[in-house]
Amino acid sequence: MRIDIITCLPDLFEGPLTQSIVKRSISKGLVELKIHNLRDYSSNKHLNVDDYAFGGGAGMVLMIEPIDKCISKLKAEREYDEIIYLTPDGETYNQGIANQLSLKKNFILLCGHYKGVDQRVRDHLITKEVSIGDYVLSGGELAAMVLTDSLIRLVPGVLNDETSALSDSFQDNLLAPPVYTRPSDYKGWKVPEVLTSGHEANIDSWRQEQALKQTKERRPDLLQ
Ligand code: ADE
């Protein structure tokens, strides 16, 4: 999988995407992740990438030209399956969308900022618009990191058997069951006996029951 992220704040990506599973997937050669600074595509001597909105109103708008230049350069190098704009008015992201997208190979993620992007970017260059929830972030960067992390963990070989994405919450529309580790008794707070019984079939059915119970209590909407 290859993910190209277009942003005017490339430094934001230093932390979360250079650690842990994402870092390992890149060093294993399973994932390529490239961050592109929109300012590198500005034709303006101050390297501006935004301008005032036509018709007035507060807030700056990202200009089409640097975005188009960056996307065109990338598209000339390889084919992209989706060019995704992160925006609060996009389709709400969930595990189902993550699973569908994970079957594809090459993505461009465009991070919006300020008041958004020139509508012509959305009309002519973008193939999909995604929101990570009904709240407004300062920009699309955190949302792009959420998509990147959730997609990378679905790439075959990124997770080992124990951490398999198949046992994640939401994967079968059920929340994950509770987990415990040593000690089995802490201040009298005990681990459920079945988990230390060594009886695999009983453990499996306990986990299944607990997953259903958690889902009924916390997210009954998932069972509909
Ligand atoms: N940009 C700002 N808010 C956002 C959200 N909720 N999801 C995706 N991108 C955003």
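In the predicted model, Gln-214 is a residue of helix H6, which spans residues 200–218. The relative accessible area of Gln-214 is 19%, so the residue is classed as buried, the cut-off for this class being under 20%. Along the sequence, Gln-214 is 38 residues away from Ala-176, and the C-alpha atoms of the two are 7.8 Å apart in space.

Two further pairs of residues, separated along the chain, were examined in the same way. Ile-71 belongs to helix H2, residues 64–77. With a relative accessibility of 1%, Ile-71 counts as buried. Its partner in the pair is Leu-125, 54 residues apart in sequence, and the C-alpha to C-alpha distance between Ile-71 and Leu-125 is 8.0 Å. Tyr-85 is located in strand S5, and this residue is also buried, at a relative accessible area of 3%. For Tyr-85 and Arg-39, which are 46 residues apart along the chain, the separation of the C-alpha atoms is 18 Å.

Strand S5, residues 82–92, also takes part in the surroundings of the ligand. Both S5 and strand S7 (128–131) provide at least two residues each to the shell around the ligand. The greatest contribution to this shell is that of S5, which gives 3 residues. There are 13 residues around the ligand, of which Thr-87, Ile-132, Gly-133, Tyr-135 and Leu-137 come nearest. By residue class, the shell consists of 8 nonpolar residues, 5 polar residues and no charged residues. The ligand is placed in the second largest pocket.

Backbone atoms of three of the nearest residues lie at short range from nitrogen of the ligand, as listed here in order of sequence. For Gly-133, a backbone N or O atom is 3.1 Å from a ligand nitrogen atom. For Tyr-135, the distance between a polar backbone atom and a nitrogen atom of the ligand is 2.8 Å. For Leu-137, a polar backbone atom is found 3.0 Å from a nitrogen atom of the ligand. On its own the ligand has 260 Å² of accessible area, and 96% of this area is covered by the protein.

Polar contacts within the protein were examined for two buried residues. Arg-2 is part of strand S1, residues 2–7. Although charged, Arg-2 has a relative accessible area of 9% and is therefore classed as buried. The side chain of Arg-2 is in polar contact with two acidic side chains. One of these contacts is with the side chain of Asp-4, at 2.8 Å, and another is with the side chain of Glu-32, at 3.1 Å. Strand S2 covers residues 32–37.

Ser-102 lies in helix H3, which comprises residues 95–102. At a relative accessible area of 17%, Ser-102 is buried. The side chain of Ser-102 reaches a backbone atom, namely the oxygen of Asn-99, at a distance of 2.7 Å.

Backbone geometry was considered at three positions in loops. The peptide bond that leads from Arg-182 to Pro-183 is cis, and its omega is near 0 degrees. Pro-183 is located in the loop that connects helix H5 (141–152) and strand S8 (185–186). Asn-173 is likewise placed in the loop between H5 and S8. The phi angle of Asn-173 is positive, about 65 degrees, although the residue is not a glycine. With a relative accessibility of 42%, Asn-173 counts as partly exposed.

A positive phi in a residue other than glycine is also found at Leu-47, where the angle is near 60 degrees. Leu-47 lies in the loop between strand S2 and strand S3, the latter formed by residues 50–52. The relative accessibility of Leu-47 is 41%, so this residue is classed as partly exposed, a class that lies between the limits of 20% and 50%.

Note on methods
Residues are numbered from 1 along each chain as its sequence is written. This is a predicted model: local features need pLDDT of at least 70, side-chain atom pairs count only at pLDDT 80 or more; totals for chains, interfaces and linings use all residues. Side-chain values use heavy atoms; hydrogens and water are left out. A residue is near a molecule or strand if one of its heavy atoms lies within 4 Å of it. A polar contact is a pair of N or O atoms within 3.5 Å; within protein, one must be able to donate a hydrogen and the other to accept it, and residues adjacent in sequence count only if both atoms are side-chain atoms. Accessible areas come from the Shrake-Rupley method with a 1.4 Å probe; for residues, only the protein chains shown count as cover. On a 1 Å grid over the protein atoms alone, a cavity is a set of points where a 1.4 Å probe fits but cannot get out, and a pocket is an open set with protein on both sides within 12 Å along at least five of seven lines; lining residues have an atom within 4 Å of a point. A molecule sits in a cavity or pocket if more than half of its atoms lie within 2 Å of its grid points. Helices (H or I, at least four residues) and strands (E, at least two) are DSSP runs, numbered from the N terminus. Buried means under 20% relative accessible area, exposed over 50%, partly exposed in between (1.4 Å probe, protein chains only).
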